[in-house]
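Thank you for making time this morning. I would like to walk you through one model, starting with an internal space and then turning to a sheet.

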Amino acid sequence: MSDFIIIEQSHYQKMPWKNGLGETLEIQCQEDINGLRFRISQASVIEDGVFSDFNGLHRTLVLLSGEGMTLEHKIDASLSISRLEKPLDIARFSGGETTYASLKNGNIEDLNIMVRDKDTRADVTTHSAPCSLSLITNNTVFCGFYGCEDTELEMKNHGKLQLKAHSMIIFNQNASATLHQGRGILISITERN
C-alpha cells in the first residue's frame, strides 16, 4: 500500500444536504456500527438559511472562497456568533445547535468536517507555504491535506508532489511533509481518549 493517495475534486461524490436546500461534495466518510464517525465535504452556500441538524456531531467549517458569512448558533437560551470573513477562517460548533447562516455578499464555498462527539475529535488547521506539516499521531483515524489552490508538497521518500486545487491527499502511515507552494487545510481525525 502506498504511503498516500490523492483524490481529485472530480472524484468527490455529490450528496444532497440533509435539509434538502443544496448539495455537498463528499470527500471522505467513515461509518461504523455506531453510525457516522466522520465526514469531510465541500459545499457552496448560495443563500441565507438554517443549517441541517447534526445532533451528536461536532462541526468545523473552513471558508474556502467568497466574501464570508456569519453563523448564529442557538442552544437553549444562549446565542453565539462565528464570523467567517476571509478564506481559511474557521468556525467550530456543535451540530446539534440551531445554526443560521447569513451570507455577507454572495455565494461562498466551504469545507465541512463533522466528527462524532462522543469518541472522535478533529484537529483542523490552515497552512500557507512554506511550512512543515506533521501528519500522523497515535490513535489517528484519518489524516489528510486539502489543497485550496494548486499546491506543492514534498514528502520524505517520495520527493515533490503536485496537488491540484480542491484535491485531497490522504496519508496512510506516519509521515511528514513540507508545503513548498500554496495554501491548504490539514485535517487529523483521532479517537478521543
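Let me begin with the lining of the largest cavity, whose residues divide into 5 nonpolar, 2 polar and 1 charged; please keep in mind throughout that this is a predicted model. The residues concerned are Ile6, Thr151, Glu152, Leu153, Leu161, Gln162, Leu163 and Ile169, and the elements that contribute two or more residues to this lining are strand S15, covering 151-155, and strand S16, covering 159-163. As for its volume, the largest cavity comes to about 30 Å³, and the structure holds 1 cavity of 30 Å³ or more. For the general background, rolling a probe the size of a water molecule over the atoms shows where empty space is left.

Let me now turn to the sheet. Here 6 strands form an open sheet, and if you follow the order on the screen you will read S2-S3-S4-S11-S6-S9, with antiparallel pairing. The edges are taken by strand S2 (13-16) and strand S9 (90-94), each of which pairs on one side only, while the twist from one strand to the next averages 30 degrees.

Within that order, I would draw your attention to strand S6, residues 57-65, and strand S11, residues 108-116, which run antiparallel and are joined by 8 bridges. Which residue in S11 stands opposite His58? In this model that position is taken by Val115. As a general reminder, strands of a sheet pair through backbone hydrogen bonds, either parallel or antiparallel.

Notes: Residues numbered from 1 in each chain as written. Predicted model: local features only at pLDDT ≥ 70, side-chain atom pairs only at ≥ 80, totals over all residues. Heavy atoms only, no water. 1 Å grid on protein atoms, 1.4 Å probe; cavity = no way out; pocket = protein on both sides within 12 Å on 5 of 7 lines; lining within 4 Å. Points joined across faces, edges and corners; volume = space filled by probe spheres on them. Helix = DSSP H or I, 4+ residues; strand = E, 2+ residues; numbered from the N terminus. Nonpolar A, V, L, I, M, F, W, Y, C, P; charged D, E, K, R; others polar. Pairing = 2+ DSSP bridges. Axes fitted to C-alpha atoms, helices over the stretch in contact; angles between N-to-C directions.
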